[in-house]
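Please look over the structure below. This report is a short tour for a newcomer.

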Amino acid sequence: KSPMVPTFRADVRRFTVAGTSWFGGGADLTPYYLFEEDARDFHAHWRSVCDAHDPTVLTEASGSTAGTEPRKEETEPKKKSSGFL
């Protein structure tokens, strides 16, 4: 009930195509008030989950060796809308 607590969403799916199966999905942290530490902790946690299974998968997918640092667009404050929300 506190606006200081971000919304979290995650989903995992199993895909099977032509006899080959794999898992996919995603997770999002939607803060109402952005705290850099929350963004770093969120990305570091999910990086460690992925690394426990295959430490090369995130580096290969992104073409980056940036580690647990979130991308710039994930930490920049959102522009205020002129709308009602």
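What follows covers confidence, salt bridges, aromatic pairs and a surface patch.

**Confidence**

This is a predicted model. The protein chain has an average pLDDT of 77. A score of at least 70 is reached by 68% of the residues. Among the elements, β1 has the highest mean pLDDT, at 91. The lowest mean belongs to helix α3, residues 72-75, at 54. Where pLDDT is low, the predicted coordinates should not be read in detail.

**Salt bridges**

How many salt bridges does the structure hold? The count is four. Side chains of opposite charge can pair when their charged atoms come close. Three of the bridges are listed here, each with the distance between its closest N and O atoms.

| Salt bridge | Closest N and O atoms |
|---|---|
| Arg9 and Asp11 | 2.2 Å |
| Arg9 and Asp28 | 2.5 Å |
| Asp11 and Arg13 | 3.2 Å |

Arg9 appears in a bridge with Asp11 and in another with Asp28. Arg9 belongs to strand β1, residues 7-17, and Asp28 to strand β2, residues 20-30, so their bridge ties together parts that are 19 residues apart in sequence. Asp11 in turn bridges to Arg13. Arg9, Asp11, Arg13 and Asp28 are thus linked in a network of salt bridges.

Are these residues buried or exposed? Each falls in between. Arg9 is partly exposed, with a relative accessible area of 36%. Asp11 is partly exposed at 23%; the cut-off for buried is under 20%. Asp28 is partly exposed at 35%. Arg13 is also partly exposed, at 46%, because exposed would require over 50%.

**Aromatic pairs**

A pair of aromatic rings is described by the distance of the centres and the angle of the planes. The count comes to three aromatic pairs. One of them joins Phe8 and Trp46. Their rings are stacked, 6.2 Å centre to centre, with 10° between the planes. This pair links distant parts of the chain: Phe8 is in strand β1 and Trp46 in helix α1, 38 residues apart. Phe8 is partly exposed, with a relative accessible area of 45%. Trp46 is partly exposed too, at 31%.

Another stacked pair is made by Phe15 and Trp22. Here the centres are 5.6 Å apart and the planes form an angle of 20°. That angle counts as stacked because the planes are under 30 degrees apart. Phe15 has a relative accessible area of 32%, which is partly exposed. Trp22 is partly exposed at 42%.

Which residues form one aromatic cluster? They are Phe8, Phe42 and Trp46.

**A nonpolar patch**

Now to the surface. Met4, Tyr32, Tyr33 and Phe35 make a nonpolar surface patch of about 450 Å². Tyr33 sits in the loop between β2 and α1, the latter spanning 36-53. Tyr33 has 47% relative accessibility and counts as partly exposed. That value passes the patch cut-off, because patch residues need over 30% relative accessible area.

**In brief**

Strand β1 recurs in this tour. Its mean pLDDT is the highest among the elements. Arg9 of β1 bridges to strand β2 through Asp28. Phe8 of β1 pairs with Trp46 of helix α1. Helix α3, by contrast, has the lowest mean pLDDT.

How values were computed:
Residues numbered from 1 in each chain as written. Predicted model: local features only at pLDDT ≥ 70, side-chain atom pairs only at ≥ 80, totals over all residues. Heavy atoms only, no water. Salt bridge = Lys/Arg side-chain N within 4 Å of Asp/Glu carboxyl O. Buried < 20%, exposed > 50% of the residue type's maximum accessible area, 1.4 Å probe, protein only. Helix = DSSP H or I, 4+ residues; strand = E, 2+ residues; numbered from the N terminus. Patch = residues over 30% accessible without salt bridge, like charges linked within 9 Å, V, L, I, M, F, W, Y side chains within 5 Å. Areas by Shrake-Rupley, 256 points an atom, 1.4 Å probe, with all protein chains shown as cover. pLDDT = per-residue confidence, 0-100. Phe/Tyr/Trp six-rings, centres within 6.5 Å; stacked < 30°, edge-to-face > 60°.
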